[in-house]
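Reader: Please take a close look at a single part of this structure, the sheet and the site beside it. I should like a connected account of how the elements are arranged.

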Amino acid sequence: MTKAQLQQLAAALPKAELHLHIEGSLEPELMFQLAERNGITLPYASVEALRQAYQFTNLQEFLDLYYQGMSVLQTEQDFYDLTWAYLQRIAADGVIHTEIFFDPQGHLSRNISFETQIQGIYRALCDGETKLGISFRLIMSFLRHLSEQSAFDTLEQAMPWLDRIDGVGLDSSELGHPPEKFTRVFARCRELGLRVTAHAGEEGPPEYVWQALDLLKVQRIDHGNRSLEDVTLIERLRNDQVPLTVCPLSNLKLCVVTEMSQHPILKLLDAGLLVTINSDDPAYFGGYMMDNFRVLSENIPITAAQIVQLMRNSFTGSWLSETEKQACLQRLEAAALIS
Ligand SMILES: Nc1ncnc2[nH]cnc12
Ligand SMILES: [Zn+2]
């Protein structure tokens with residue numbers, strides 16, 4: 001197949017996104033609109049100047065702009081508009097199920113209530129389900145550069161809303177903030193029946209992936225690229241079929257890989273791992289799901305069979321029920337047959 005045919009195939013197949021920070025889908029245009037609506041002055045003269053600033057050499061440089069950017073989110077309608085824009089965008093990419101993170105501490109610290117955040121996001125997700133046919137799960141993520149106590153306080157704030165929250169995650173500055181710092185809060189979340197995932201092995205060492213598995217007892221690893229440095233870890237991830245939510249464009253923009261041709265996705269697939277493709281923070285990293293598949297097909301020798309496998313993995317690794325998973329997988333196999 002030519003690269004164009006591979007991209008057509010990827011576009012035509014139904015797929016799930018499992019690693020998306022809703023605040024990272026805030027496009028510069030919407031950021032300026034919300035800033036104006038809320039009487040906030042951004043430290044950039046224009047949308048173009050803002051986009052120009054999106055040049056990062058590591059995770060922290062990105063996070064500094066990411067937290068600054070989210071300051072325009074003030075009202076329930078702002079959270080709705082943000083989420084609705086994301087859902088409309090992914091509908092065009094053939095995403096039929098999405099599992100999104102939100103970072104409550106990034107907003108609580110600015111005196112935006114948990115209620116304001118979750119009401120806006122959840123209303124848009126429900127509209128996405130009825131109007132666009134996109135099912136969803138919502139994941140509350142703890143900021144790992146903050147304390148264990150802050151995570152416990154956030155969980156307390158989330159208690160009235162637990163029927164809307166499917167799981168918890170762990171994100172923000174990885175180096176120096178190992179998963180073990182959150183062992184107790186994750187244990188409490190599991191007791192409450194929440195699912196658990198954590199960013200690990202993006203910039204941090206394989207040891208952080210081990211900690212996420214053994215101490216936090218996560219069901220998924222977000223990123224996990226650096227697992228490849230530890231053969232015993234790869235064996236563990238393969239044996240337990242732990243999903244890894246990999247984000248190619250993010251890895252390139254944050255210099256986790258030096259060039260897309262060096263991206264480890266095929267190594268991870270060949271090792272028998274349950275890897276998936278995701279966009280992470282699409283407004284900051286240059287694209288959504290199909291942009292990620294496009295850039296992969298242009299730069300690495302990926303095959304049609306591997307693309308179908310990645311789509312299968314996206315449903316298998318999701319937090320859909322077994323019945324829902326089977327329905328999505330059947331839809332995928334039917335689409336793959338005619339493509
Ligand atoms: N890629 C990423 N890694 C860690 N924290 C994040 N928060 C938003 N995107 C992130
Ligand atoms: Zn992420």
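Author: A residue is called buried if 20 or more other C-beta atoms, placed from the backbone, lie within 10 Å of its own, exposed if 12 or fewer do, and partly exposed in between. Helices (H or I, at least four residues) and strands (E, at least two) are DSSP runs, numbered from the N terminus. This is a predicted model, in which local features need pLDDT of at least 70 and side-chain atom pairs count only at pLDDT 80 or more, while totals for chains, interfaces and linings use all residues. Residues are numbered from 1 along each chain as its sequence is written, and chains are lettered from A and ligands numbered from 1 in the order in which they are written.

Strand S4 (residues 167-171) is mostly covered, with 5 of its 5 residues buried. Gly167, Gly169 and Asp171 point one way from S4, Val168 and Leu170 point the other way, and all are buried. Two strands pair if DSSP finds at least two bridges between them. S3 (residues 135-143) runs parallel to S4, joined by 5 bridges, and Ser141 has Gly169 of S4 as its bridge partner. Between these strands the chain passes through helix H8 (residues 148-158) in a right-handed β-α-β crossover; right-handed denotes a clockwise path from the first strand over the helix to the second, with the strands pointing away from the viewer.

S4 is also joined to strand S5 (residues 195-200), in parallel, by 2 bridges. Here Val168 is partnered by Val196 in S5. The chain crosses from S4 to S5 through helix H9 (residues 183-191), and this crossover is right-handed too.

S3 also pairs with S2 in the parallel sense, over 6 bridges, and Phe102 stands opposite Met140 in S3. Because 8 of the 8 residues of S2 (residues 95-102) are buried, S2 is largely enclosed by the rest of the structure. Strand S1 (residues 15-21) runs parallel to S2, with 5 bridges.

S1 contains His21. His21 is buried, with 27 other C-beta atoms within 10 Å. Leaving out residues up to four places away in sequence, His21 touches Phe101, Asp103, Asp280 and Asp281, contact being C-beta atoms, placed from the backbone, within 7 Å. His21 and Asp171 are among the residues surrounding ligand 1, a residue being near if its C-beta atom, placed from the backbone, lies within 6 Å of the molecule or strand.

Key. Contact = placed C-beta atoms within 7 Å.
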